[in-house]
Amino acid sequence: MKIDDFDFNLPEKLIAQTPLQDRTASRLLVLDRESGAIKDGTFSDMIDELDEGDCLVLNDTRVLPARLFGVKEDTGAQIEVLLLKQLENDQWETLIKPAKRVKAGTVIQFGDGRLRATCVREADHGGRILQMEYEGIFHEILDELGEMPLPPYIKETLADQERYQTVYAKHRGSAAAPTAGLHFTTELLERIQQKGVHVTFVTLHVGLGTFRPVSVERIEEHQMHAEFYQMSEGTARLLTSVRENGKRIIAVGTTSVRTLETIIQEHGEFRECSGWTSIFIYPGYVIKAIDAMVTNFHLPKSTLVMLVSAFAGKENIMKAYQHAVNERYRFFSFGDAMLIR
């Protein structure tokens, strides 16, 4: 299967640069994956699409202020660092700009030396492994010195950093937000639960895969980067019960889908577990863990477009995306949403 099979024309003006003031005011495209039928609405209509006994599964990861700006200790050259994944003993896997200036042994200073990072070695994806040195609590220092790692297609500064967090964000560790969840408010979730819909959480810390484009012509040759996930015993029991009762499991975001599919693939059932997943879902893969999903509109040729195409069918997705372009939906992280059922 070729990468160009997942390309589409997207006018740059449809890429949302800022979030809406009201999270639930985003538009909602509802796609029926059996018939291909499309319906337009707003995200506040989501409650009408859910039935008593259904279960929403949300990713409660919290985005780190993972973008740091520092200088090389020996030359004063400016260096940008994006923290991707915490390793052992205060070591971090990172992406660096410009990477060619940072070799093994290079020392970078942040915040006039409050945080120092020594390059230990190059990583296999072209990134760098950095050893951090500091006094105090690392995450407190990061909160002071770091910035929210907005995707490169967003050119405007985010006035409120919390708008790149879901309202239920809990476990710190992501280099990017699970953006399908940005549309929910606490009030909407409460109304959904009052209707008798279950709401539960998994965790997947979004990493390099979000920033890494598919660079091979045949998508089967693409390798996903591993990301940490976990599911609690309570969530596993709830999802098992929902499935036994013939109700729907609705994943919010591709990260939730990948977590649930990984667990079913590895264990054959929902169970308390944690680990690392590099699952790559594209057409031909049979999705087993979910019955519907909420997602945003993704980049052309991205692994995310491939995932939703595996669930809904590539023809349905391309038709829905063309409808979204024609109707001037807002795309990507701060854009509008789609419910595939």
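Two strands are said to pair if DSSP finds at least two bridges between them. With that idea in hand, the strands of this predicted model can be explored one group at a time.

A good starting point is strand β1, which spans residues 27-31. Strand β1 is mostly covered, with four of its five residues buried. On one hand, β1 is joined by five bridges to strand β2 (residues 38-42), and these two strands run antiparallel. Within this pairing, Leu 31 has Ile 38 of β2 as its bridge partner. The hairpin of β1 and β2 has six residues between the strands, and here Gly 36 takes a positive phi near 80°.

Strand β1 also has a parallel partner: four bridges join β1 to strand β17, made up of residues 337-340. Here the bridge partner of Val 30 is Leu 339 in β17. Strand β1 thus illustrates both kinds of pairing, antiparallel with β2 and parallel with β17. In general, strands of a sheet pair through backbone hydrogen bonds, either parallel or antiparallel.

Another group of strands forms a closed barrel. Six strands take part, in the order β5-β6-β7-β10-β9-β8, and their pairing is antiparallel. Neighbouring strands of this sheet are turned by 45° against each other on average, direction ignored.

For a look at one pairing from the barrel order, consider β8 and β9. Strand β8 covers residues 107-110 and strand β9 covers residues 115-122; four bridges join these antiparallel strands. One bridge links Phe 110 to its partner Leu 115 in β9.

Key
Residues are numbered from 1 along each chain as its sequence is written. This is a predicted model: local features need pLDDT of at least 70, side-chain atom pairs count only at pLDDT 80 or more; totals for chains, interfaces and linings use all residues. Side-chain values use heavy atoms; hydrogens and water are left out. Axes are lines fitted to C-alpha atoms, for helices over the stretch in contact, and angles run from 0 to 180 degrees between N-to-C directions. Buried means under 20% relative accessible area, exposed over 50%, partly exposed in between (1.4 Å probe, protein chains only).
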